[in-house]
Amino acid sequence: MKGPGQLDDLSKIEHQRLYPRLTDPNFLVLRSRRIIFQSWIKTISGNNLTILDVGGRYQPYRPLFGNRLGRYIACDLTQTELVDVIASGESLPFGSNTFDVIIATQVFDYFPHPRKAAEEIYDALKPGGVLLMSVASVAPRFADQELWRFTRGGIRATLSQFRTLEVVPESSSLGGFFRTTNIWLHSFTRYSFLRKLYEVTVCPFLNSAGWALEKAGLSRDDQFAPNYSVFAVK
Ligand SMILES: C[S@@+](CC[C@H](N)C(=O)[O-])C[C@H]1O[C@@H](n2cnc3c(N)ncnc32)[C@H](O)[C@@H]1O
């Protein structure tokens, strides 16, 4: 039996991922991902979309589909009140050509065999269907279950069967420096009162500085990009 607060907790996490605050050390990548996804979702045609969210424990990007959403199915290895099907992305229990859109954000990092998951996702998409994906590139280990980090080339190799593929860094190397420094300092702030203090002082300062430099477009280099967003069409 799940606790009564679970849905509330999940929707709080969902909202924080979609609309991160400056006090969040992941602000730069999360904000950028929302903007990139918003622009991609506008290009997807049709209404009443059938969508699968692989690793869909929180579903931060579901609201971006608004009233174009038909069916939304979430699969994950972990049961939450938002998960419809307990299944691995490497072995999807759905028929071929089923989904208009498959979302797989920050989950390829966990698959023991990412290429197998790519094949399953490809099979489950309708022809012309879209995979919206994000993966970590230059980032610390957030959980021991994480297995991989992806370069631009690694993403292309993993998704080589897709007809078209767009890979966009969520921040340049410059913004990546501010994000990585922020995560590094945040994770070494051990005591909770110090962490709180960090989150309302240094963290927003680093986020604002990184954001301003990204906006100024000073660098296009993505060698140290912290995360990539991906749009792939079957
Ligand atoms: C970092 S969370 C990302 C959650 C969400 N997609 C997001 O972007 O906020 C990774 C999720 O992937 C799930 N996961 C890990 N391995 C998986 C697998 N083999 N198949 C499906 N989901 C998996 C985890 O349980 C977790 O919910």
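These are legends for a handful of close-up views of one predicted model.

Because the model is predicted, local features are described only where pLDDT is at least 70 and side-chain atom pairs count only at pLDDT 80 or more, while totals for chains, interfaces and linings use all residues. Residue numbers start from 1 along each chain, following the sequence as written.

**View 1. The whole sheet: seven strands in an open arrangement.**
Reading across the sheet, the order is β3-β2-β1-β4-β5-β7-β6, and the pairing is mixed. Strands here are DSSP runs of E with at least two residues, helices are runs of H or I with at least four residues, and both are numbered from the N terminus. Two strands count as paired if DSSP finds at least two bridges between them. β3 and β6 (164-169) sit at the edges with a single partner strand each, so one side of each has no neighbour in the sheet. As a general reading aid, side chains in a regular strand alternate between the two faces of the sheet.

**View 2. The β1, β2 and β3 end of the sheet.**
β1 (49-54) runs parallel to β2 (residues 69-76), and six bridges join them. To find your way along this pair, look for Leu49 opposite Leu69 in β2, and for Ile51 opposite Tyr72 in β2. On to the next pair: β2 and β3 (residues 85-86) are parallel too, joined by two bridges. Here Cys75 stands opposite Val85 in β3.

**View 3. β4 beside β5, with α2 lying across β5.**
β4 (residues 99-105) and β5 pair in the parallel sense over six bridges. One spot to pick out is Ile102, whose bridge partner in β5 is Leu131. Is β5 largely enclosed or left open? Nine of its 12 residues are buried, so β5 is largely enclosed by the rest of the structure. A residue is called buried if 20 or more other C-beta atoms lie within 10 Å of its own, exposed if 12 or fewer do, and partly exposed in between, with C-beta atoms placed from the backbone. Helix α2 lies across β5 (125-136), β6 and β7 (227-233), running at about 15° to β7.

**View 4. The loop between α2 and β1, with two exposed residues.**
Both Ser45 and Asn48 belong to this loop, which links α2 (27-43) to β1. Ser45 is exposed, with 10 other C-beta atoms within 10 Å. Asn48 also counts as exposed, with 10 C-beta neighbours inside 10 Å. How far is Asn48 from Gly70? Their C-alpha atoms are separated by 3.9 Å, although the two residues are 22 apart along the chain. For Ser45 and Phe65, 20 residues apart along the chain, the C-alpha atoms are separated by 11 Å.

**View 5. Two glutamines with a positive phi.**
Gln59 is not a glycine, yet its phi is positive, at about 60°. Gln59 lies in the loop between β1 and β2 and is buried, with 24 other C-beta atoms within 10 Å. Gln106, not a glycine either, has a positive phi of about 55°. You'll find Gln106 in the loop between β4 and α3 (114-124), where it is buried, with 20 other C-beta atoms within 10 Å.

**View 6. Leu159, a buried loop residue.**
Leu159 lies in the loop between α4 (152-158) and β6. With 21 C-beta neighbours inside 10 Å, Leu159 counts as buried. What does Leu159 touch, leaving aside its neighbours within four places in sequence? The contacts are Ala118, Leu165 and Ala232; residues are in contact if their C-beta atoms, placed from the backbone, lie within 7 Å. Leu159 and Val233 are 74 residues apart in sequence and 9.9 Å apart in space, C-alpha to C-alpha.

**View 7. Helix α5 against helix α7.**
α5 (residues 173-187) and α7 (residues 202-216) pack at an angle of about 170°, with axes 8 Å apart. Axes are lines fitted to C-alpha atoms, for helices over the stretch in contact, and angles run from 0 to 180 degrees between N-to-C directions. That makes α5 roughly antiparallel to α7, a label for angles over 145 degrees. Among the contact residues are Leu174, Phe178 and Leu185 of α5 and Val202, Leu206 and Leu213 of α7.

Definitions and conventions. Parallel < 35°, antiparallel > 145°, perpendicular 65-115°, else oblique. Contact = placed C-beta atoms within 7 Å.
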